[in-house]
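Could you walk me through this model in my viewer, one selection at a time? I would like to know what to click next and what I will find there.

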Amino acid sequence: MITKRYHFESIDSTNKKARELATEGAIHGTLITADAQIAGIGRRGRSWSSERGTGIYMSMVLRPEIETDKASMLTLVAAMAVEKAIQKVCNESAATNENRIEPMIKWPNDIVINKKKISGILTELALHGTEIDFVVLGIGINVNNKTFPDEISQTASSICVEYGRDMDKEMLITEVWKQFAVYYERFLQTKDLSLFKEDYEKVLVNKEETVKVLDPLGEYIGIAKGITNTGELIVDTEGDVRYVSSGEVSVRGIYGYV
Ligand code: BTN
């Protein structure tokens, strides 16, 4: 999957760098990693805390031959890959069953452990006319962080805090892209998520849980039932089934983040 890699000790944002390199012609599979970001970008205009050395900050340039409206599914493909990679790297080295951790996905693409966010994904799309020029897939993973800024301390955690020991970041980076290659291939076969929808739903932390959908047209509450083949969250609001698209709204638990 990784065709070329650029590593920076410190950078503003690996997503920004990936966009610049892609605009200059970087090929599919170009990976940008950094030890620290001074202006890490999160979803919905938020920032992404990117302390030096503790987390993984990386972005990949993709040039998928798919229709524009299918690009949002890549973010769920990536979530699946990150979940599987964490699961594999941590649990294969777990000394006992008690050390095992259970990473899960908060729809559409946050990875949580014990209901706390440990990874976020930011997908950015660049068009050439009506076609996809490139996609930048940015992944942040809290790996060996021990403390968190006040504003996220209630909802964020790291693999180290939840698992109880430091993890090798390089090993995890390699595994994420190995897993991504597997799920990306399956995605390309059908141009949707049907080949691993069940795998995704098995680790969907919201499944059968009550969720609050923060729709700008009006919030509502319902039970999350799973996802469609194209990645919408299926929410049952007492008889009325709604399909939630990730671009438009966010979803919370009724008592907090999950
Ligand atoms: C989110 O808000 O959940 C998405 C966070 C994405 C953060 C990653 S860190 C690597 C890449 N570079 C950025 O500036 N953002 C993404």
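Start by selecting K115, which sits in the loop between β5 and β6. This is a predicted model, so treat the angles on this tour as computed values. The phi of K115 is near 65 degrees, a positive value in a residue other than glycine. Most residues other than glycine have a negative phi, and most peptide bonds are trans.

Next, step back along the chain to P108, in the loop between β4 (104-106) and β5 (110-113). Show the backbone here: W107 and P108 are joined by a cis peptide bond, with omega at about 0 degrees.

For another positive phi, jump to K191, in the loop between α4 and α5 (197-202). Its phi is near 60 degrees, and K191 is again a residue other than glycine.

Now colour two helices, α2 (residues 73-92) and α4 (residues 169-190). Their axes come within 8 Å and cross at roughly 135 degrees. That crossing angle makes α2 oblique to α4. Turn the view until one helix lies over the other, and you are looking at a right-handed crossing.

Which residues of α2 and α4 meet? Show side chains on the α2 side for M73, L74, V77, A78, M80, A81, V82, K84, A85, I86, K88 and V89. Their partners in α4 are M171, L172, E175, V176, K178, Q179, F180, Y183, Y184 and F187. Colour this contact by class and you will find 17 nonpolar residues, one polar and four charged.

Finally, turn on a surface and head for the largest pocket, which holds about 870 Å³ of space. To land close to its centre, select G42, R46, S47, W48 and K117, the residues nearest to that point among the 43 that line the pocket. Which elements give two or more residues to the lining? They are α1 (14-23), β3 (55-62), β6 (116-128), β7 (131-142) and β12 (250-253). Try the class colouring here as well: the lining has 17 nonpolar, 17 polar and nine charged residues.

To close, keep two selections saved for later: the contact of α2 with α4, with its 17 nonpolar residues, and the lining of the largest pocket, with its nine charged ones.

Key:
Residues are numbered from 1 along each chain as its sequence is written. This is a predicted model: local features need pLDDT of at least 70, side-chain atom pairs count only at pLDDT 80 or more; totals for chains, interfaces and linings use all residues. Side-chain values use heavy atoms; hydrogens and water are left out. Axes are lines fitted to C-alpha atoms, for helices over the stretch in contact, and angles run from 0 to 180 degrees between N-to-C directions. Helices (H or I, at least four residues) and strands (E, at least two) are DSSP runs, numbered from the N terminus. Angles under 35 degrees count as roughly parallel, over 145 as roughly antiparallel, 65 to 115 as roughly perpendicular and the rest as oblique. A crossing is left-handed if the near helix is turned anticlockwise from the far one by less than a right angle, and right-handed if clockwise. Contact means heavy atoms within 4.5 Å. Ala, Val, Leu, Ile, Met, Phe, Trp, Tyr, Cys and Pro count as nonpolar, Asp, Glu, Lys and Arg as charged, and the others, Gly among them, as polar. On a 1 Å grid over the protein atoms alone, a cavity is a set of points where a 1.4 Å probe fits but cannot get out, and a pocket is an open set with protein on both sides within 12 Å along at least five of seven lines; lining residues have an atom within 4 Å of a point. Grid points are joined across faces, edges and corners, and a volume is the space filled by probe spheres set on the points.
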